[in-house]
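Let's take a walk through this structure together. Keep the 3D view open as you read, and we'll begin at the ligand.

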Amino acid sequence: MKIFTTRHELQQYLLQCRQKGETIGLVPTMGALHEGHLSLLALARRQSGVSVCSIFVNPTQFTNPDDLQNYPRPIEADIAKLTEAGCDVLFNPGVNEMYAANEQWHIDLGELEHLLEGKFRPGHYQGVTQVVFKLFDIVKPDFAFFGQKDYQQVLVIAKMVQLINLPVKLVMVPISREAEGLAMSSRNIHLSAEDRQHALVLSKALAWVKDYFSGNNLQQVTAEAVAMINAEPGVTLEYFEIADGETLLPATEANPHLVALVAAQVGKTRLIDNMIIR
Ligand code: AMP
């Protein structure tokens with residue numbers, strides 16, 4: 001695997017690949033890689049000639065300085081996992097390589113920016129679009145792979161791609177889960193054994209809603225899922241909503257695409273999860 005820490009060297013290399021007619025698949029990550037990330041990479045390898053994984057803990061998308069500081073950064077272990085998984089290129093820049101001082105960014109994402117995650121992490125999606133735009137600009141991927149785990153992020157990036165008319169095809173990859181149902185996340189390492197047990201209520205509530213949604217009991221299944229989560233010790237619910245799968249606006253039974261999304265604090269760790277209901 002080739003490892004680049006500067007934009008210039010990465011671009012020189014990718015230019016050669018493109019001249020040979022290779023397509024490029026990009027998997028943007030913040031590292032602390034797990035099987036979820038590797039499933040994105042596996043798809044990138046299958047769909048493109050050159051797979052590029054980026055590892056960059058992007059400061060502009062963090063709304064909590066402690067969260068940024070405590071974010072895990074096991075770069076040696078990540079390099080070993082990517083090598084074993086057959087990744088072609090790792091881009092691992094420092095903050096100064098990605099950002100000039102006092103850089104400004106704003107894109108009008110409409111209501112999508114302020115719903116759900118946006119309400120609890122104001123400014124988060126401006127930071128996400130800022131860094132993903134930069135990565136697209138540097139790598140110029142034909143395909144970019146994002147996890148359904150961050151469902152709202154996928155919609156936000158799709159909106160940016162549409163607004164700026166970027167020549168990249170987005171691919172959304174299903175959520176990888178632990179055997180008991182917990183969605184894999186780099187933040188799971190912060191969970192104590194007890195937290196981990198309590199956290200299972202999130203995927204259980206989502207699966208329950210999927211099973212018991214009959215087509216005309218949306219409010220009832222939502223209320224029961226909320227009650228289920230609120231009854232779990234050590235879990236503080238931020239939101240549980242069934243939303244329109246395309247806009248994330250609150251849904252009614254008439255919406256053809258429905259997704260249930262949840263965020264909660266489990267111990268000291270904030271977790272998110274979602275499930276497509278219809
Ligand atoms: P992150 O490193 O958390 O920024 O995640 C990098 C990419 O991996 C994002 O597109 C995430 O949605 C995706 N991802 C994270 N966790 C999972 C998971 N459990 N299953 C599938 N994709 C995931």
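Start with His-37: one of its polar side-chain atoms sits 2.9 Å from an oxygen atom of the ligand, which fits the cut-off for a polar contact, a pair of N or O atoms within 3.5 Å (within protein, one must be able to donate a hydrogen and the other to accept it, and residues adjacent in sequence count only if both atoms are side-chain atoms). The backbone joins in too: a polar backbone atom of Gly-147 is 2.9 Å from an oxygen atom of the ligand, and one of Ser-176 is 2.8 Å from a ligand nitrogen atom. On its own the ligand has 480 Å² of accessible area, and the protein covers 92% of that (areas come from the Shrake-Rupley method with a 1.4 Å probe; for residues, only the protein chains shown count as cover).

Before going further, a word on what you're looking at. This is a predicted model, where local features need pLDDT of at least 70 and side-chain atom pairs count only at pLDDT 80 or more, while totals for chains, interfaces and linings use all residues. Residues are numbered from 1 along each chain as its sequence is written, and side-chain values use heavy atoms, with hydrogens and water left out.

Now for the ligand's surroundings. The shell holds 17 residues, with Met-30, Gly-147, Asp-150, Ser-176 and Met-184 the closest; a residue is near a molecule or strand if one of its heavy atoms lies within 4 Å of it. Eight of the shell residues are nonpolar, seven polar and two charged (Ala, Val, Leu, Ile, Met, Phe, Trp, Tyr, Cys and Pro count as nonpolar, Asp, Glu, Lys and Arg as charged, and the others, Gly among them, as polar). The top contributor is α2, with three residues. Helices (H or I, at least four residues) and strands (E, at least two) are DSSP runs, numbered from the N terminus.

Follow the chain around α2 and you'll find that β2, α2 and β3 form a right-handed β-α-β unit. Right-handed means that, with the strands pointing away from the viewer, the path from the first strand over the helix to the second runs clockwise. β2 and β3 pair in parallel over six bridges (two strands pair if DSSP finds at least two bridges between them). Within that pairing, Leu-26 has Val-52 of β3 as its bridge partner. On to β4: β3 pairs with this strand in parallel as well, over three bridges.

So how enclosed is β3? Six of its six residues are buried, so the strand is largely enclosed by the rest of the structure; buried means under 20% relative accessible area, exposed over 50% and partly exposed in between (1.4 Å probe, protein chains only). In a regular strand the side chains alternate between the two faces of the sheet. Here Val-50, Val-52 and Ser-54 point one way, while Ser-51, Cys-53 and Ile-55 point the other.

Over at β5, five bridges join this strand to β6, and the two run parallel. Phe-143 stands opposite Lys-169 in β6. The chain gets from β5 to β6 through helix α8, in a right-handed β-α-β crossover.

Two loop residues are worth a look. Most residues other than glycine have a negative phi. Ala-32, in the loop between β2 and α2, has a positive phi near 55°, and Ala-32 is buried at 11% relative accessibility. Asn-165, in the loop between α8 and β6, has a positive phi near 60°, but Asn-165 is exposed at 65%.
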